[in-house]
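Hello,

Here is the structure I promised to pass on to you. Please open it beside this email, and then read on for what turned up in it.

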Amino acid sequence: MVLKIHGAPTSPNTKRVTMLCKEFALDYELVELSFWTEDQKKPEFVEKYSPLAQVPVLDDDGFVLYESRAIAFYLAAKARSPLLPSEDDVKRRARYEQAVQTEVCHVDHLAYSLAWEKIWKAYTGLTTDEERVKEYARTLEETFDAYDKILSKQKYLAGDELTLADLFHLPHGNLFPQCGYTWLEDGKRPNLYRWWKELNARPSWQAVKDHA
Ligand SMILES: N[C@@H](CCC(=O)N[C@@H](CS)C(=O)NCC(=O)O)C(=O)O
């Protein structure tokens with residue numbers, strides 16, 4: 001049965017999942033929800049799919065899973081993809097977990113908050129808090145300085161092989177220019193630039209970047 005992804009075509013977290021469906025050549029159907037009508041908060045959706053009232057949610061023939069990275073781990077395991085390093089190689093797996101946690105703890109929530117302030121608040125008539133923006137941007141810039149150092153010693157964040165941890169950056173990282181920041185594209189951090197350019201060129205990302 002074809003995988004169902006409950007999500008929104010423009011949602012970065014939904015794209016994180018659909019990109020991986022493309023990566024693993026898994027057929028999926030995007031079951032579209034609208035944030036304008038707050039479909040994600042409707043009681044039947046919250047009850048059946050997402051107690052946190054968010055997307056994406058995977059429905060694999062009745063097996064329901066939310067949180068984009070958890071879905072990614074599940075799909076990668078199902079596809080036996082090398083993008084999810086095997087638990088048998090304990091050290092490689094630990095380096096991979098380190099990279100995943102770095103993205104979650106040092107990039108994702110700040111990137112999301114920055115996009116909320118600079119892009120999405122405008123849609124709801126709210127005013128951008130420029131002090132918050134400055135703080136998020138300062139912290140992200142420091143993180144990307146560190147990324148440039150990491151990537152000067154190895155090709156990818158977990159070592160010399162591409163993993164899910166690298167790909168997880170694509171959806172929110174692509175919103176930085178719209179927020180007014182070009183850390184990933186401006187070439188000032190050459191290793192970061194080389195890494196980002198390669199990730200962006202992946203056909204799986206190109207296939208979903210405009211519509212999950
Ligand atoms: N940590 C979650 C974040 C999910 C998330 O923030 N989804 C957004 C769309 S990109 C959402 O559902 N927003 C609507 C809302 O929070 O009301 C994940 O990775 O799946």
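Below I go through the ligand and its surroundings, and then the backbone.

Please keep in mind that this is a predicted model.

**The ligand**

A good place to start is the ligand, which sits in the largest pocket. Two elements give two or more residues each to the shell around the ligand: helix H1, residues 12-23, and helix H3, residues 68-78. Of these, H1 gives the most, with 3 residues.

How many residues surround the ligand? There are 14, and the closest are Ser11, Gln40, Val55, Glu67 and Ser68. Sorted by class, the shell has 5 nonpolar, 5 polar and 4 charged residues.

Some side chains are worth a look one by one:

- Glu67: an N or O atom of its side chain is 2.7 Å from a nitrogen atom of the ligand.
- Gln40: here the distance is 2.9 Å, between an N or O atom of the side chain and an oxygen atom of the ligand.
- Arg69: an N or O atom of the side chain is 3.5 Å from an oxygen atom of the ligand.

As for how much of the ligand is covered, on its own it has 520 Å² of accessible area, and the protein covers 82% of that.

**The loop between H2 and E3**

Next, please follow the chain from helix H2 (43-48) towards strand E3 (57-60). The loop between H2 and E3 holds Ala53, and Pro56 lies in this loop too. Ala53 is not a glycine, yet its phi is positive, at about 55 degrees. Val55, named above among the closest residues to the ligand, is joined to Pro56 by a cis peptide bond with omega of about 10 degrees. For context, most residues other than glycine have a negative phi, and most peptide bonds are trans.

**The hairpin**

After that loop comes the pairing of E3 with strand E4, residues 63-66: the two run antiparallel and are joined by 4 bridges. Which residue of E4 is the bridge partner of Leu58? It is Leu65. The hairpin has 2 residues between its strands, and Asp61 takes a positive phi near 50 degrees there.

Enjoy exploring the model!

Best wishes

How values were computed. Residues are numbered from 1 along each chain as its sequence is written. This is a predicted model: local features need pLDDT of at least 70, side-chain atom pairs count only at pLDDT 80 or more; totals for chains, interfaces and linings use all residues. Side-chain values use heavy atoms; hydrogens and water are left out. A residue is near a molecule or strand if one of its heavy atoms lies within 4 Å of it. A polar contact is a pair of N or O atoms within 3.5 Å; within protein, one must be able to donate a hydrogen and the other to accept it, and residues adjacent in sequence count only if both atoms are side-chain atoms. Accessible areas come from the Shrake-Rupley method with a 1.4 Å probe; for residues, only the protein chains shown count as cover. On a 1 Å grid over the protein atoms alone, a cavity is a set of points where a 1.4 Å probe fits but cannot get out, and a pocket is an open set with protein on both sides within 12 Å along at least five of seven lines; lining residues have an atom within 4 Å of a point. A molecule sits in a cavity or pocket if more than half of its atoms lie within 2 Å of its grid points. Ala, Val, Leu, Ile, Met, Phe, Trp, Tyr, Cys and Pro count as nonpolar, Asp, Glu, Lys and Arg as charged, and the others, Gly among them, as polar. Two strands pair if DSSP finds at least two bridges between them.
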